[in-house]
Amino acid sequence: MTVLGWILVILLFAIGMAGAVYPVLPGVIAIYFAFFVYGWFFSFEPFGPLFWIVQTLIVVVLLVADYAVGAWGVKKFGGSKLSVWLSTIGIIIGPFVIPAFGLVLGPLLGAMLGEIIRGESLSKAFKVGIGSVVGLFSSIVVKVILQLVMIAAFIIWIIAA
C-alpha cells in the first residue's frame, strides 16, 4: 500500500504540473488532492492547521490569478471584455481543435475575434491577441512557481514531521 500511495501522490503532482501548462487538466487541484491522498495512505499528522491554511491560500491565489493574469495581458494590450472572454474560451478549446498549436493559437485567435467583432482594425486585434498570449505565458510561469512552492512545502512538512 505504501508504494501505491506514493505512486498516486507523485502522479497527482505530475498531473498538477502538467495542468499549469495544459489548462484542461486540474492543475493546482490535483496537487491539493495529493495531500489528501498522502493523508489517507499514510497520515494527516504532519499537516497542522498552518499547512492547510498556507496551501489553501495558494490554491485560491492560483485560481484567481489564473484568470486575472490572462485578462491582464489582454487589457494591457488594449483589449475589451469580449476579447478577455473569447481568449479564455480559446485557451480551453484551442488544444482540442488544433492539438499541436491550440494552446497558443486558441487565446490569440479568441482575443483577435473579440476585437474584430467590436469593429477594431486587424492590426489592433493582432496586438490584443499577442497580449492574450503574453498573459497566458505569464500565467503559466506564476502557476509553475506557486505549484512548486506547494510541493516543496509538502516535502518540508513531511521531512520535518
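**Entry 1: Helices and overall form**

I count as a helix a DSSP run of H or I with at least four residues, and helices are numbered from the N terminus. I note at the outset that the model is a predicted one. With that definition I looked up the elements of the protein and found 6 helices and 0 strands. Read along the sequence, the pattern is α-α-α-α-α-α. I then looked up the extent of the C-alpha trace, which spans about 60 × 30 × 15 Å along its principal axes. Of the 161 residues, 42% count as buried. I also recorded the contacts with a separation of 6 or more, of which 65% are between residues 24 or more positions apart. The accessible surface comes to about 8,600 Å², and 80% of this area belongs to carbon and sulfur atoms.

**Entry 2: The nonpolar cores**

Which residues have the most contacts inside the largest nonpolar core? I found V9, F13, F35, F47, M150 and F154 in a core of 21 residues. The helices α1 (2-21), α2 (28-41), α3 (49-76) and α6 (122-160) each supply at least two residues of this core. The greatest contribution is that of α2, with 8 residues. I looked up V9 in particular: leaving aside residues up to four places away in sequence, V9 touches A34, V37, Y38 and F154. There is also a second, separate core of 5 residues, among them A71, V84, A111 and V128.

**Entry 3: Tyrosine 38**

I turned next to Y38, which lies in helix α2. Is Y38 buried or exposed? Its relative accessible area is 9%, so I enter Y38 as buried, the limit for that class being under 20%. Beyond residues up to four places away in sequence, Y38 touches W6, V9, S43, P46, F47, F154 and I158. I also checked one separation along the chain: Y38 and S139 are 101 residues apart, and their C-alpha atoms are separated by 28 Å.

**Entry 4: Aromatic pairs in α2**

I found 23 aromatic pairs in the structure. A pair of rings is described by the distance of the centres and the angle of the planes. I looked up two pairs that involve Y32.

For Y32 and F35, the ring centres are 6.2 Å apart and the planes stand at 70°, so I enter the pair as edge-to-face. Both residues lie in helix α2, 3 residues apart, about one turn of the helix. Both Y32 and F35 are buried.

Y32 also pairs with F36, edge-to-face, with 5.6 Å from centre to centre and 70° between the planes. Why are Y32 and F36 about one helical turn apart? They are separated by about one turn because they are 4 residues apart in helix α2. The relative accessibility of Y32 is 18%, so Y32 counts as buried. F36 has a relative accessible area of 26% and is therefore partly exposed.

**Entry 5: Helix α4, outside and inside**

What makes up the nonpolar surface patch of about 760 Å²? I listed V21, Y22, V24, L25, I89, I92, I93, F96 and V97. The largest share of the patch, 5 residues, comes from helix α4 (residues 81-97). One residue of the patch, I92, has its place in helix α4. I92 is partly exposed, because its relative accessible area is 44%.

I then looked up S83, which also lies in helix α4. S83 counts as buried, because its relative accessibility is 0%. Apart from residues up to four places away in sequence, S83 touches V74, A111, G114, E115 and V128.

**Entry 6: The salt bridges**

How many salt bridges does the structure hold? I found 3.

- E115 bridges to R118, with the closest N and O atoms 3.5 Å apart.
- K124 and E115 meet through their side chains at 3.9 Å, N to O.
- R118 bridges to E120, with the closest N and O atoms 3.7 Å apart.

I conclude that E115, R118, E120 and K124 are linked in a network of salt bridges. I checked the accessibility of each member. E115 counts as buried, because its relative accessibility is 0%. R118 is partly exposed, with a relative accessible area of 46%. E120, at 29% relative accessibility, counts as partly exposed. K124 counts as partly exposed at 25% relative accessibility. I close by noting that E115 is a contact of S83 and a member of this network.

Definitions and conventions
Residues numbered from 1 in each chain as written. Heavy atoms only, no water. Core = buried A, V, L, I, M, F, W, Y, C linked by side-chain atoms within 4.5 Å. Buried < 20%, exposed > 50% of the residue type's maximum accessible area, 1.4 Å probe, protein only. Contact = heavy atoms within 4.5 Å. Patch = residues over 30% accessible without salt bridge, like charges linked within 9 Å, V, L, I, M, F, W, Y side chains within 5 Å. Areas by Shrake-Rupley, 256 points an atom, 1.4 Å probe, with all protein chains shown as cover. Salt bridge = Lys/Arg side-chain N within 4 Å of Asp/Glu carboxyl O. Phe/Tyr/Trp six-rings, centres within 6.5 Å; stacked < 30°, edge-to-face > 60°.
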